Amino acid sequence: MNNLRNMKDDLLKEWLDFREETILAILDEEDSKHVIQYDDITEKILKNVPIQNQKYVKQQLELLDKNYMNYFDYWCEKYYRNGFVDSIELLKI
């Protein structure tokens, strides 16, 4: 049996990707209150940055956003994967 805690492309990874796609498509009113307002925040920051620095600041904000999303994806997958594996291990007992 494969080690289910390995983070490879597998059925659980496909399920997590599917959930990410579907959850973002069906946000209800409460969910919408908790969405990261990246575009609004970026716009507000850039309005307060001198014109000559805006391109650099925008690049850094995009890099921060990408880094945050990679961090979030990693920890969510790890959390769900370990919860799933823990549940399977409990069922084996």
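## Helices, contacts and salt bridges in a predicted model

Glu43 and Lys47 lie 4 residues apart, about one turn of the helix, and both belong to helix α3. The model described here is predicted. The side chains of Glu43 and Lys47 meet in a salt bridge, with 3.5 Å from N to O. Glu43 is partly exposed, because its relative accessible area of 45% falls between the limits for buried and exposed residues. Lys47 has a relative accessibility of 63%, and it therefore counts as exposed, the cut-off being over 50%.

How many salt bridges does the structure hold? The structure holds 2. Besides the pair in helix α3, a salt bridge joins the side chains of Glu30 and Lys33, again with a distance of 3.5 Å from N to O. Glu30 counts as partly exposed at 42% relative accessibility, whereas Lys33 counts as exposed at 55%. The table sets out the residues of both pairs.

| Residue | Salt-bridge partner and N to O distance | Relative accessibility and class |
|---|---|---|
| Glu30 | Lys33, 3.5 Å | 42%, partly exposed |
| Lys33 | Glu30, 3.5 Å | 55%, exposed |
| Glu43 | Lys47, 3.5 Å | 45%, partly exposed |
| Lys47 | Glu43, 3.5 Å | 63%, exposed |

The overall architecture can be described next. The protein contains 4 helices and 0 strands. Read from the N terminus on, its elements follow the order α-α-α-α. Of its 93 residues, 11% count as buried. Among contacts between residues at least 6 apart in sequence, 75% join residues at least 24 apart.

How do helices α3 and α4 lie relative to one another, and what angle do their axes form? Helix α3 covers residues 38–47 and helix α4 covers residues 51–92; their axes come within 10 Å and cross at roughly 155°. Because angles over 145 degrees count as roughly antiparallel, α3 is roughly antiparallel to α4. The crossing of these two helices is right-handed.

Which residues form this contact? On the side of α3, the residues are Tyr38, Thr42, Ile45 and Leu46. They meet Gln54, Val57, Lys58, Leu61, Glu62 and Asp65 in α4. Sorted by class, the contact of α3 with α4 has 5 nonpolar, 2 polar and 3 charged residues.

Helix α4 also includes Glu77. Is Glu77 buried or exposed? At 10% relative accessibility, Glu77 counts as buried, because the limit for that class is under 20%. Glu77 and Leu12 are separated by 65 residues in sequence, yet their C-alpha atoms are 8.9 Å apart in space.

In summary, the protein is built from 4 helices and 0 strands. Helices α3 and α4 cross at roughly 155°, and one of the salt bridges, between Glu43 and Lys47, lies in helix α3.

Conventions. Residues are numbered from 1 along each chain as its sequence is written. This is a predicted model: local features need pLDDT of at least 70, side-chain atom pairs count only at pLDDT 80 or more; totals for chains, interfaces and linings use all residues. Side-chain values use heavy atoms; hydrogens and water are left out. Axes are lines fitted to C-alpha atoms, for helices over the stretch in contact, and angles run from 0 to 180 degrees between N-to-C directions. Angles under 35 degrees count as roughly parallel, over 145 as roughly antiparallel, 65 to 115 as roughly perpendicular and the rest as oblique. A crossing is left-handed if the near helix is turned anticlockwise from the far one by less than a right angle, and right-handed if clockwise. Contact means heavy atoms within 4.5 Å. Ala, Val, Leu, Ile, Met, Phe, Trp, Tyr, Cys and Pro count as nonpolar, Asp, Glu, Lys and Arg as charged, and the others, Gly among them, as polar. A salt bridge is a side-chain nitrogen of Lys or Arg within 4 Å of a carboxyl oxygen of Asp or Glu. Buried means under 20% relative accessible area, exposed over 50%, partly exposed in between (1.4 Å probe, protein chains only).
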